[in-house]
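Here are a few exercises to work through with the viewer open. Try each one yourself before you read the solution.

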Amino acid sequence: MGGRPPRTRLPITVAVLRRLQNPLVTAAGPDGTAYWAIAAAAFFGFFRLGELLVEAETSYNPALHLNWGDVAIDDRANTKMVKLHLRKSKCDQFGTGADVLLGRSGCQLCPVVAILEYIKVRGDSPGAFFIDSSKLPITKSKFVTRVRVALKAAGYPEDQFAGHSFRIGTATIAAMAGIEDSIVQMLGHWHSAAFLRYIRHLTTI
């Protein structure tokens with residue numbers, strides 16, 4: 001028996017992200033600024049959620065997970081770029097790490113603005129970079145749950161989206177814009193052409 005076919009995950013696109021913003025901030029309550037910063041970073045940085053967040057609140061490891069010291073800005077007075085240093089990712093078998101740069105876009109969805117606003121709320125305490133109002137690391141499952149609540153509020157079939165939907169959407173949009181496969185692969189820190197299976201036809205989103 002072939003069993004049930006794998007579920008197709010829909011992409012988070014610019015249009016979806018724009019409609020998602022306000023419901024996500026509202027659904028997350030006092031942690032709305034943090035959750036929106038995660039969403040913006042995940043989308044514009046081609047991130048896997050595991051590169052930004054922890055599996056469980058007790059699993060945070062400063063040698064593996066994104067922490068306060070891994071995030072830097074280019075200019076405090078006029079920030080145009082934020083750098084996130086990944087200590088290790090799924091494709092980084094040797095643990096050499098990688099730097100991901102996010103630039104100011106000047107639009108409503110700007111990831112630099114989102115992160116700067118979050119830093120104002122977060123403060124400069126050491127530990128996991130993305131934390132909630134109780135100073136606990138935000139987990140992947142909590143983030144995905146809040147995103148699905150926001151997607152439902154925005155009128156989307158929330159059960160057809162997952163954590164990888166951000167990464168799928170960015171790869172799809174980059175491909176549709178005519179960006180070369182090698183550039184998409186580099187931006188998404190893929191070590192193979194596996195990213196090609198992420199590309200979706202955006203006819204219904």
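A disulfide here is a pair of cysteine sulfur atoms within 2.5 Å. Keep in mind that the model is predicted.

**Exercise 1. Work out how many disulfides the structure holds, and why Cys-107 is not in one.**

Step 1: Start at Cys-107 and look for the closest cysteine sulfur, which sits in Cys-110.
Step 2: Check the distance against the cut-off of 2.5 Å. The two sulfurs are 6.2 Å apart, so that's too far for a bond.
Step 3: Turn it around and start from Cys-110: the nearest cysteine sulfur is that of Cys-107, again at 6.2 Å, and Cys-110 is in no disulfide.
Step 4: The total for the structure is zero disulfides.

**Exercise 2. Sort Cys-107 and Cys-110 by burial: buried, partly exposed or exposed?**

Step 1: You need two cut-offs: under 20% relative accessible area is buried, over 50% is exposed, and in between is partly exposed.
Step 2: Cys-107 has 40%, so it goes down as partly exposed.
Step 3: Cys-110 comes out at 2%, so it is buried.

**Exercise 3. Check the length of helix H5, then find which way it faces.**

Step 1: H5 runs over residues 140-153, which makes 14 residues. At 1.5 Å a residue it should span 20 Å, and its end C-alpha atoms are indeed 20 Å apart.
Step 2: List the buried residues of H5: Phe-143, Val-144, Val-147, Ala-150 and Leu-151.
Step 3: Look down the axis of H5. These buried residues fall within an arc of 125°, so they line one face of the helix.
Step 4: See what that face packs against: helices H1 (14-27), H2 (32-44), H3 (49-52) and H6 (165-176).
Step 5: Flip to the face turned away from the buried side, where you'll find the exposed residues Lys-152 and Ala-153.
Step 6: Go just past the end of H5, and Gly-155 shows a positive phi of about 95°.

**Exercise 4. Lay out the sheet and find which strands stand at its edges.**

Step 1: The sheet is open, with three strands in the order E1-E2-E3 and antiparallel pairing.
Step 2: E1 (71-73) and E3 (98-103) each have a single partner strand, so one side of each lacks a neighbour in the sheet and they are the edges.
Step 3: For the twist, neighbouring strands are turned by 20° against each other on average, ignoring direction.
Step 4: Zoom in on E1 and E2 (residues 81-86), which pair over three bridges. Ala-72 has Lys-83 in E2 as its bridge partner.
Step 5: Add helix H4 (residues 111-122), which packs on the sheet and touches E1, E2 and E3. The direction of H4 makes about 100° with that of E3.

Conventions: Residues numbered from 1 in each chain as written. Predicted model: local features only at pLDDT ≥ 70, side-chain atom pairs only at ≥ 80, totals over all residues. Heavy atoms only, no water. Helix = DSSP H or I, 4+ residues; strand = E, 2+ residues; numbered from the N terminus. Expected span 1.5 Å × (residues − 1). Buried < 20%, exposed > 50% of the residue type's maximum accessible area, 1.4 Å probe, protein only. Arc of directions from axis to C-beta. Contact = heavy atoms within 4.5 Å. Pairing = 2+ DSSP bridges. Axes fitted to C-alpha atoms, helices over the stretch in contact; angles between N-to-C directions.
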